[in-house]
Every structure is written in structure tokens, then in C-alpha cells.
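The following exercises concern helix packing, an aromatic pair and a buried residue. Please attempt each task before reading its solution.

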Amino acid sequence: MKEISESITSFGLEVSSRLKEITDWAEAGGLSDAAEALATTLADGGVVQSFGTGHSEAFAMEIAGRAGGLIPTSKIALRDLVLHGTHDVAELDSLEGSVLERELGVAEELFNLSLVDPRDIFIIASNSGVNGPIVGLALAAKARGHKVIAVTSIQHTNAVDVKHPSGMRLSEIADIVIDNRAPFGDTTLEVSGGGGVGAVSSITAAYIAQLLTIETVQCMIRAGKKPPIYISANIPGGDEHNNALIGQYIGRLRRDA
């Protein structure tokens, strides 16, 4: 890792080099399998179920319910256990939320609370890929016949101990694995005296989410399908366009804040 003395330049180089690596990989067809799986799901009337905990929830938000994204997308979140389940809101405060993220028994409850159809596909993001709800939800989805796409740091997940009683990592469960290119520990700049700053996984994951959307749309167009894309609600006609398409998925989409 680079020292923090030239922090802005160093971090910019760290980010740009990783984005360039992802770009080159995608241009060589690295996202083809994932995009084809997503396009096939949408063509069959399925919904993309996205999930991430901690900072990886930002990836799920990039996938589900944003302008320029796909309408048949739904976001699963740990807060669903409070909003739609039986857990207390105190479990999601700044201290205990991190504990809930590591609990092993919430995945089945979370899956059962979600608006999942047999045709749906899952995209699960986790930098470490080992925490209980992440692994548990991936296993629950696979057990019910859903295809799972993982976005994770291969370097990080291979360097940490497995936490789930299955003895598995997200990367070992998923049908398709996408490496977010984040380093072990996520940070890229060393701080004198110990520690690091300049985390990159949220940046690379957001980029991957957008590339996946672009590739999926291209797959649908090549197949003669009209992609169901969100238009910003802040431009004329946006709400009307979006609501007409959302109406085709009543009771199947969730984007709770």
C-alpha cells in the first residue's frame, strides 16, 4: 500500500487502476455470463433480488430503484427484519446493527419476509463474503433453485476465516462470482502508526453495478426485448413512465429506505 503523504493523488491512482482493471475485464467478456443470466430472468418475468449488509447495502441500492436502472429489481435489507418481521429497532442502531449483520439465524427469516418469486435471480454483495446473513441468504436462495451472482473481494474473502456453520464463503456458493478488486482490509493508503484509509470496495462495486445494468440492457436489446428502464422522476414524464412499468410487478418489488 502507498503512504498517505500524497493521499489524494495516491488514492486517485488506486481507484483508477482498479476501475481500469474491471473495465478491461468486462470488455473481454467478464460480465457476459452474469448479464445473460439477468437478461434471461427479466425476459421470463423474473425480478432481480439484490442484497448487501453494512456498506455493501450501497451496491443493492445501485441495482434496485434508481434512474437509469432496471425496474424489475428489489432490495432486501436487514431492516426488513424490523419493518416486516419481529425484530426490535434497537437491533439496527449504530452499535447493535453490526452484531445483527453477523448473526447466523436471520437469513431464513429474511428470505421468508422477502417478495421472492421462483423466477427471480439474486445478486449478493459482500466485501468479506463470510458473515452469517450473507452466506445464509445465498444458501437459502440456492436451496430453492435460484441462481446467485456474488460481488465480493476475492483477496479479502480468501484471507479471512469462514464464520457460517456451513463452512462456506459467498464465493463458494454463488453460480457466478465477480471480484470487486478491493484489497484485503479494503483500504489502500497506509497511515503512519498503523491503520489505513482510502477504502475502495464501495466505489468498485457501484461501478460493477452500473456495468451489469448496461450489459443486461444490451443483452435484452440483442434478443429483441425492450429493457424496462427507470427514467428519473425529476424529469417530465418520468413518473408516468415508471409507474406504468412498475404496475406490471405489483407486490413483487421492495425498496424500503
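**Exercise 1: Two helices and their partner**

H1 and H10 cross in a right-handed manner (right-handed if the near helix is turned clockwise from the far one by less than a right angle, left-handed if anticlockwise). The model is predicted: local features need pLDDT of at least 70, side-chain atom pairs count only at pLDDT 80 or more, and totals for chains, interfaces and linings use all residues. Residues are numbered from 1 along each chain as its sequence is written, and side-chain values use heavy atoms, with hydrogens and water left out.

Task: state at what angle helix H1 packs on H10, and which residues meet.

Solution. Step 1: the axes of H1 (residues 7-27) and H10 are 10 Å apart, at an angle of about 30°. Step 2: H1 is therefore roughly parallel to H10 (angles under 35 degrees count as roughly parallel, over 145 as roughly antiparallel, 65 to 115 as roughly perpendicular and the rest as oblique). Step 3: Phe11, Val15, Arg18, Leu19, Ile22, Thr23 and Ala26 of H1 meet Ile203, Thr204, Tyr207, Ile208 and Leu211 of H10; contact means heavy atoms within 4.5 Å. Step 4: nine of these residues are nonpolar, two polar and one charged.

Task: describe how H2 is set against H10.

Solution. Step 1: the axes of H2 (residues 32-43) and H10 (residues 201-222) come within 8 Å and cross at roughly 60°. Step 2: the two helices are therefore oblique to each other. Step 3: from H2, the contact includes Ala34, Leu38 and Leu42, and from H10 it includes Leu212, Cys219 and Met220. Step 4: eight nonpolar, one polar and three charged residues make up this contact.

**Exercise 2: An aromatic pair**

Task: identify the one aromatic pair of the structure and state which elements hold its members.

Solution. Step 1: phenylalanine 111 and phenylalanine 122 form a stacked pair, 5.8 Å centre to centre with 15° between the planes (ring centres within 6.5 Å; planes under 30 degrees apart are stacked, over 60 edge-to-face, the rest tilted). Step 2: phenylalanine 111 lies in helix H6 (residues 106-113) and phenylalanine 122 in strand E4 (residues 121-125), so the pair ties together parts eleven residues apart in sequence.

**Exercise 3: Isoleucine 76**

Task: is isoleucine 76 buried or exposed?

Solution. Step 1: isoleucine 76 belongs to strand E3 (residues 73-76). Step 2: its relative accessible area is 1%, so isoleucine 76 is buried (under 20%; exposed is over 50%, partly exposed in between, with a 1.4 Å probe and protein chains only). Step 3: leaving aside neighbours within four places in sequence, its contacts include Phe51, Leu110 and Phe122. Step 4: phenylalanine 122 is likewise buried, at 0% relative accessibility.

How values were computed: Axes are lines fitted to C-alpha atoms, for helices over the stretch in contact, and angles run from 0 to 180 degrees between N-to-C directions. Helices (H or I, at least four residues) and strands (E, at least two) are DSSP runs, numbered from the N terminus. Ala, Val, Leu, Ile, Met, Phe, Trp, Tyr, Cys and Pro count as nonpolar, Asp, Glu, Lys and Arg as charged, and the others, Gly among them, as polar. Rings of Phe, Tyr and Trp (its six-membered ring) pair if their centres lie within 6.5 Å; planes under 30 degrees apart count as stacked, over 60 as edge-to-face and the rest as tilted.
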